[in-house]
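Subject: Structure handover

Hello,

Please find below the structure I said I would pass on. My notes on what turned up in it follow underneath.

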Amino acid sequence: MTENPDTPVIEYFYSIHSAFAWIGARKLEDIAKASGRRIIHKPFDFIPVITAANGGTYLNISDARMKYFFGREIDRWAEYREQPCIHTRPKWHDEPQALASGMVLAAQAQGLNADALSRGILGMHWRDDGNINGRDDLTRACQAAGLDAEHLFQAALTPEIQAQFKACTDEAITRSVFGSPTYVVDGDMFYGQDHLEMMERAIKQPFRSSPK
């Protein structure tokens with residue numbers, strides 16, 4: 001399937017192991033469909049992006065903030081978005097992201113349903129406590145999206161696709177992305193799935209530019 005290059009887009013910067021990307025995934029797709037926009041997936045390697053955004057030091061977050069932002073906020077937003085979500089940190093949360101991210105990029109490059117695959121991988125991780133680097137769990141995510149897992153396994157780790165993964169990470173750093181998920185509509189950046197409604201409004205009526 002060849003995409004129309006004139007179709008307006010939503011740029012989607014995110015980590016493939018992001019809880020809030022999972023929580024916002026279905027709403028993002030609904031907005032894209034309603035607005036006639038195409039989602040461009042730009043999965044990035046989380047630690048380099050966050051380290052760059054934090055001035056060269058990885059985030060040191062207090063226990064209280066962790067319990068609020070990665071506990072209570074996840075629980076409330078998952079309920080609000082009606083996205084089932086586990087209530088603990090996933091067992092395989094620190095696994096490498098290159099394979100799963102590469103699968104999404106390969107699906108996108110081949111005109112396959114990258115939206116469904118991305119949502120399936122995120123849900124496998126945050127709904128089912130699955131392994132983002134485990135081929136059995138990734139196979140189930142592919143099957144749910146109607147895609148051939150073996151084909152995507154082979155494509156995901158090729159030099160060309162891994163170069164795209166690095167390019168997405170570098171672009172996120174260059175464009176000052178500082179968290180996952182981050183959406184960009186016509187140059188206007190919206191960080192966090194809690195800003196999806198604002199992004200939806202911007203598609204219909206862009207916000208005024210901020211003073212320089």
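**Salt bridges**

The relative accessibility of D170 is 33%, which puts this residue in the partly exposed class. Please keep in mind throughout that the model is a predicted one. The side chain of D170 meets that of K166 in a salt bridge, with an N to O distance of 2.8 Å. K166 is exposed, at a relative accessible area of 52%. Both residues belong to helix α8 (residues 159-174), and because they are 4 residues apart there, about one helical turn separates K166 from D170.

In general, side chains of opposite charge can pair when their charged atoms come close. How many salt bridges does a search of the whole structure find? The search returns 13. One of them pairs the side chains of E200 and K27, at 3.6 Å from N to O. This pair links distant parts of the chain: E200 sits in helix α9 (residues 196-204) and K27 in helix α1, with their positions 173 residues apart in the numbering. The relative accessible area of E200 is 21%, so this residue is partly exposed. K27 is partly exposed as well, at 24% relative accessibility.

A further salt bridge runs between R175 and E171, whose closest N and O atoms are 2.8 Å apart. R175 has a relative accessibility of 29% and is therefore classed as partly exposed. For E171 the value is 24%, again partly exposed. Which residues are linked with R175 in a network of salt bridges? They are E11, K42 and E171.

**Strands**

E11 also appears in the strand pairing, where its bridge partner in β3 is V184. Strand β1 (residues 9-14) and β3 run antiparallel and are joined by 3 bridges. β3 (residues 182-185) is also joined to strand β4 (residues 188-191), by 4 bridges and again in antiparallel fashion. Within that second pairing, V184 stands opposite M189 of β4, and T182 has Y191 of β4 as its bridge partner.

What lies between β3 and β4? The two strands form a hairpin with 2 residues between them. D186, in the turn, has a positive phi of about 50°.

In a regular strand, side chains alternate between the two faces of the sheet. Are the residues on the two faces of β3 buried or exposed? T182 and V184 on one side are buried, and so are Y183 and V185 on the other, which leaves both faces of β3 covered.

**Cavity**

The count of cavities of 30 Å³ or more comes to 1. The volume of the largest cavity is about 40 Å³. Which elements each supply at least two residues of its lining? These are α1 (19-35), β2 (38-43) and α5 (114-126). The lining itself is made up of Y12, A25, L28, E29, I39, H41, D115, S118 and R119. Sorted by class, the residues lining the largest cavity are 4 nonpolar, 2 polar and 3 charged. If you plan to look at the cavity by eye, the residue list above is the place to start.

**Two further positions**

R81 is a residue of helix α3 (residues 63-81). With a relative accessibility of 9%, R81 falls under the 20% limit and so counts as buried. The side chain of R81 is joined to that of E197 by a polar contact of 2.7 Å.

Q154 is located in helix α7 (residues 149-156). Is Q154 buried or exposed? Q154 is exposed, since its relative accessible area of 61% is over the 50% limit. Between the C-alpha atoms of Q154 and R76 the separation is 38 Å, with the two residues 78 apart along the chain.

**In short**

The points to carry over are these:

- The model is predicted.
- The search over the whole structure gives 13 salt bridges, including K27 with E200 and K166 with D170.
- β3 is paired antiparallel with β1 and with β4.
- The largest cavity has a volume of about 40 Å³.
- R81 is buried, and Q154 is exposed.

Regards

Key:
Residues are numbered from 1 along each chain as its sequence is written. This is a predicted model: local features need pLDDT of at least 70, side-chain atom pairs count only at pLDDT 80 or more; totals for chains, interfaces and linings use all residues. Side-chain values use heavy atoms; hydrogens and water are left out. On a 1 Å grid over the protein atoms alone, a cavity is a set of points where a 1.4 Å probe fits but cannot get out, and a pocket is an open set with protein on both sides within 12 Å along at least five of seven lines; lining residues have an atom within 4 Å of a point. Grid points are joined across faces, edges and corners, and a volume is the space filled by probe spheres set on the points. Ala, Val, Leu, Ile, Met, Phe, Trp, Tyr, Cys and Pro count as nonpolar, Asp, Glu, Lys and Arg as charged, and the others, Gly among them, as polar. Two strands pair if DSSP finds at least two bridges between them. A salt bridge is a side-chain nitrogen of Lys or Arg within 4 Å of a carboxyl oxygen of Asp or Glu. Buried means under 20% relative accessible area, exposed over 50%, partly exposed in between (1.4 Å probe, protein chains only). A polar contact is a pair of N or O atoms within 3.5 Å; within protein, one must be able to donate a hydrogen and the other to accept it, and residues adjacent in sequence count only if both atoms are side-chain atoms.
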